[in-house]
Structure formats: structure tokens, C-alpha cells
Amino acid sequence: MARNAEKAQSMLFRFRAQQASDLGILSINSTRRPKAISAQTHIPTCERWRGQVLKEISRKITKIQDLALSDYQIRDINDELNKLFREKWQWEVRIKELGGPNYMRGGGRVVDEDGRVVEGGGKGYRYFGRAKELPGVKELFEAATRKPEHEGKDRDTTRGELRMRVDAGYYGYNLDEEDGALLAYEITKEREAFDALSVEDDTAQQEWEALPGDCGDGAVWRLPTAEEVEIELLERRKRKLLDKL
């Protein structure tokens, strides 16, 4: 009897678990968080998984402040925090797609165990806590806050400053044609170019040879006029009709 009772309890437990899964009521403490976030269809389930992600973020934010951690451990925790913030954003997007509240509007504030607000969750890779003091990272933050070295010194002229110096003369609207010197120069060059072309034409005409006509009498080619072409076509049509008759 005890064996059958255990089987019944096991089947009842599986039935209740399946029923809770269908209704979106899950025990997130005993269930692994799903990877396929877009496959979730229940808003309460998504909100519970999002809450679990927020708790993990709070714990890791407090953990990354530990002075006993090495640089490698700090980098690993910082990577995990960036992944968790990315996963939190994906859960919030899915909740909004299902018609739930828009958690992205308020920025999704996260607090650590001491109640302090953790600024994060934005785009790009972020550094939290002691990760900002890592070798190489600290120099990046200092370079971002440091004033440019060329400030107050001689520097290269920017494109915007060059554009402000451009006047109408740059685009050709100047006073070059008012004194007549430019026009006289252009007329002289045009005359020289025309004379050079005339000499080339005369030389080419002397080298040409006229082609003989169809009859072999040495007559040059002559192009027929439009009227002659029409008369010739009409004569050909008459000959075709006479041949058919």
C-alpha cells in the first residue's frame, strides 16, 4: 500500500506541477531559468523571472565591492553583471510584447543589499564597483574626464572654421570680368584654337582621295535626296506588281 500511495502522490505532484506551469505559476527556486525568453507566453512567469534576475544583480553588485577579490574575479563578476542586465532587458521587452507593464520606461532601477541605487542596464559594456579601478579601465575613465591637451594652444583648423571663411570668390562670383582682361584672354585662346583646327582640316582634305562611283566612271559619290528616294521606291513597287501580273 505504501508503494501505491507513493506512486499516487508522485502522479499528483506531477499533475499539480503541470497545472501550475500552464497557469504561469512556477516555483522559480526549484526551476532553472529558461534561455528562450521569446518563447514565454505568460506575463506572471516573465515577471517572476525578471525579479530573480534583479535579485542576482543586487547580490553581485554587493559582491563586487569585496576587497578580498582578485582582478580576475572582479572581471568575471563584471562580465556576469553585464549578462544579467542584458537578460533583464530581454525579459522587460518580452513583458511589454505580451501586453504587460513597461518596465523600461522608468529605467528599471536596481538596488544592492544596502539599498543604494545601481546605475546600469544601458547600452554597451559597463563597469561596476571595483571594476572601475582595474588596470586599463581606470585610465579610460580618467581620459574621458580629462580636458583636451590642445585646448588653449595652437591647433588645426576645423572644417567648420574653413567653411566660414569661404566667400563668393571661391565659387567664381568675383570681379575678374569687369576689367576685360579675362575676356580678351579667352577671345585670343579661342582664335588660336580655331586657326589650329582650320589648318588640320586643310591638311586632312589634301590627303583624302575621292571614291569612285558604282559605274566605274570615276564620279564621286552623291547622296540622293528624299524626293529621289521616294521616286525610286515607287518604281520598285510598280515593277513588283507588274511581275506578279
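# Briefing on the predicted chain

One aromatic pair is counted in this chain, where rings of Phe, Tyr and Trp (its six-membered ring) pair if their centres lie within 6.5 Å, and planes under 30 degrees apart count as stacked, those over 60 as edge-to-face and the rest as tilted. The pair is formed by Phe85 and Phe128, which are stacked at 5.2 Å centre to centre with 10° between the planes. The model is a predicted one, in which local features need pLDDT of at least 70 and side-chain atom pairs count only at pLDDT 80 or more, while totals for chains, interfaces and linings use all residues. Residues are numbered from 1 along each chain as its sequence is written, and side-chain values use heavy atoms, with hydrogens and water left out.

**Overall make-up**

- The chain holds seven helices and two strands, taken as DSSP runs (helices H or I of at least four residues, strands E of at least two) and numbered from the N terminus.
- Read from the N terminus on, the elements follow the order α-α-α-β-β-α-α-α-α.
- Of the 245 residues in the chain, 16% are buried, where buried means under 20% relative accessible area, exposed means over 50%, and partly exposed lies in between (1.4 Å probe, protein chains only).
- About 20,500 Å² of the chain is exposed, with carbon and sulfur atoms supplying 53% of that area; accessible areas come from the Shrake-Rupley method with a 1.4 Å probe, and for residues only the protein chains shown count as cover.
- Among contacts between residues at least 6 apart in sequence, 55% join residues at least 24 apart, a contact being heavy atoms within 4.5 Å.

**The aromatic pair and the nonpolar core**

- The aromatic pair links distant parts of the chain, with Phe85 in helix α3 and Phe128 in the loop between β2 (117-118) and α4 (137-145), 43 residues apart.
- Phe85 counts as buried because its relative accessibility is 5%, and Phe128 is likewise buried, with a relative accessible area of 4%.
- The largest nonpolar core has 19 residues, of which Ile57, Ile64, Ile74, Leu81, Trp91 and Phe128 touch the most other members; such a core is a set of buried Ala, Val, Leu, Ile, Met, Phe, Trp, Tyr and Cys residues joined through side-chain atoms within 4.5 Å.
- Two or more residues of this core come from each of α2 (43-63) and α3 (71-97), and α3 gives the largest share, seven residues.
- In soluble globular proteins, nonpolar side chains tend to be buried together.

**Contacts of Trp91 and Ile95**

- Apart from residues up to four places away in sequence, Trp91 touches Arg33, Pro34, Ile37, Gln40, Cys46, Trp49, Arg50 and Val53.
- Ile95 lies in helix α3 and counts as buried, since its relative accessibility is 0%.
- With neighbours within four places in sequence left aside, Ile95 is in contact with Ile43, Cys46, Glu47, Arg50, Gly100, Pro101 and Tyr103.
- Ile95 and Arg50 are 45 residues apart along the chain, and their C-alpha atoms are separated by 9.4 Å.

**Salt bridges**

- The count comes to nine salt bridges, each defined as a side-chain nitrogen of Lys or Arg within 4 Å of a carboxyl oxygen of Asp or Glu.
- Arg33 forms a salt bridge with Glu56, their closest N and O atoms being 2.9 Å apart; because Arg33 lies in the loop between α1 (2-23) and α2 and Glu56 in helix α2, the pair ties together parts that are 23 residues apart in sequence.
- Arg33 counts as buried, at 16% relative accessibility.
- Lys60 forms a salt bridge with Glu80, with the closest N and O atoms 2.7 Å apart; Lys60 is in helix α2 and Glu80 in helix α3, so this pair ties together parts that are 20 residues apart in sequence.
- Lys60 counts as partly exposed at 22% relative accessibility, and Glu80 is also partly exposed, with a relative accessible area of 32%.
- Glu92 forms a salt bridge with Lys88, the closest N and O atoms being 3.0 Å apart, and because these residues are four apart in helix α3, about one helical turn separates them.
- Both Glu92 and Lys88 are buried.
- Arg33, Glu56 and Glu87 are joined into one network by salt bridges that share partners.

**A nonpolar surface patch**

- Val166, Tyr170, Tyr171 and Tyr173 make a nonpolar surface patch of about 550 Å²; patches are made of residues with over 30% relative accessible area and no salt bridge, like charges being joined within 9 Å and nonpolar side chains (Val, Leu, Ile, Met, Phe, Trp, Tyr) within 5 Å.
- Val166 is found in the loop between α5 (159-165) and α6 (181-207), and counts as partly exposed at 32% relative accessibility.
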